[in-house]
Amino acid sequence: MAASEENGGGNGSVEEKENGKKRRLGAVATAWLIFYNVAMTAGWLVLGIAMVRFYMQKGTHKGLFRSVQKTLKFFQTFALLEVVHCAIVHTSVLVTGVQVSSRIFMVWFITHSIKQIQNEESVILFLVVWTVTEITRYSFYTFNLLNHLPYFIKWARYNFFIILYPVGVAGELLTIYAALPYVKKTGMFSLRLPNKYNVSFDYYYFLIVIMFSYIPLFPQLYFHMLRQRRKVLHGEVIVEKDD
């Protein structure tokens, strides 16, 4: 799910658990993860500032996506590296891959591809949620790697999601729903029979399936984060999720 805070692929701790024991990350791996998380924190911060400036200058959300889309596309696509990071910090490749790819799907195959929905309020809704979430998440990882994690950052990481996660999911679902009439009308990304591949694919129904997939996935990820929150805020430091 694109709005999830669950993704740990950008995560890095100088020490991580392996078979119940702590394993120290190498200097090169730690340096790279610090650089990556600082860059991503800065990137999403720049995006957030650009969104605020646009709204203050224009007084409307219309045109906001077009204004920030290059920055959004770059940093969200750059997050594909988090799948590679799973080999360093030993988080789930599957979970990280699904979450990163779902974000990229929302950016490239929904909002970018269907320009008629770019001014929908739901687009701004998930953009705001993503921005706050990612600034919090990447700054959490950065300070943790530096062994200097302010309590506020830790608190924000494990409290903001309580509101942001469901609001972000609502924004994503409403955006996909808004896209359905245009997808159905144009037949975009669909493959009709007959064709030389003898395969059919209907993007309209694919999006409907994606929407229904939120029903089982959202509660699982949300309640997992609630469990993580209880553990961390009661004194047990957890940097990565345990699958």
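User: Which pattern of strands and helices does the protein follow when it is read along the sequence?

Analyst: Read in that direction, the protein follows the pattern β-β-α-α-α-α-α-α-α-α, and the count is eight helices and two strands. The words have fixed meanings here, because a helix is a DSSP run of H or I with at least four residues and a strand is a run of E with at least two, numbered from the N terminus. This is a predicted model, in which local features need pLDDT of at least 70 and side-chain atom pairs count only at pLDDT 80 or more, while totals for chains, interfaces and linings use all residues. Residues are numbered from 1 along each chain as its sequence is written, and side-chain values use heavy atoms, with hydrogens and water left out.

User: Why is serine 139 called buried?

Analyst: The relative accessible area decides, because buried means under 20%, exposed means over 50%, and partly exposed lies in between, with a 1.4 Å probe and protein chains only. Serine 139 has a relative accessible area of 10%, which is under 20%, and therefore counts as buried. This residue lies in helix 5. Across the protein, buried residues make up 48% of the 243 residues.

User: What makes isoleucine 135 and phenylalanine 143 partly exposed?

Analyst: Isoleucine 135 has 23% relative accessibility and phenylalanine 143 has 28%, and both values lie between the two cut-offs, so the middle class applies. Both residues lie in helix 5, which covers residues 121-145.

User: Which residues do these members of helix 5 touch, leaving out those up to four places away in sequence?

Analyst: Touching is judged by contact, which means heavy atoms within 4.5 Å. On that basis isoleucine 135 touches Thr41, Trp44 and Leu45, serine 139 touches Thr41, Glu134 and Ile153, and phenylalanine 143 touches His148, Leu149, Pro150 and Ile153. Isoleucine 135 also shows how sequence and space can part ways, since glycine 48 is 87 residues from isoleucine 135 in sequence and yet 8.8 Å away in space, C-alpha to C-alpha. For the whole protein, among contacts with a separation of 6 or more, 76% come from residues 24 or more positions apart.

User: How do you know that the buried residues of helix 3 share one side?

Analyst: The buried residues of helix 3, which covers residues 81-89, are Glu82, His85, Cys86 and Val89. They cover an arc of only 125° around the axis, where the arc is that of the directions from the helix axis to the C-beta atoms, and this puts them on the same side of helix 3. The face turned away from that buried side carries the exposed residues Val84 and Ala87.

User: What is notable about the phi of histidine 90 and of asparagine 147?

Analyst: Histidine 90 has a phi near 55°, a positive value in a residue other than glycine, and sits in the loop between helix 3 and helix 4. Asparagine 147 likewise has a positive phi of about 55° although it is not a glycine, and is found in the loop between helix 5 and helix 6. Their exposure classes differ, because histidine 90 at 43% counts as partly exposed, whereas asparagine 147 at 59% counts as exposed.

User: How do you know that the length of helix 8 agrees with its number of residues?

Analyst: The expected span of a helix is 1.5 Å times one less than its number of residues, so the 31 residues of helix 8, residues 203-233, should span 45 Å. Its end C-alpha atoms are 43 Å apart, which agrees.

User: Where does helix 8 bend?

Analyst: A kink of about 40° lies at leucine 217, shortly before proline 219, where the bend at a residue is the angle between axes fitted to the seven residues ending there and the seven starting there.

User: Which helices do the buried residues of helix 8 pack against?

Analyst: They pack against helix 4 (93-112), helix 6 (151-157) and helix 7 (161-186). The buried residues of helix 8 include Tyr203, Leu207, Met211 and His224.

User: Which peptide bond is cis?

Analyst: The bond joining leucine 193 and proline 194 is cis, with omega about 0°, and proline 194 is found in the loop between helix 7 and helix 8.
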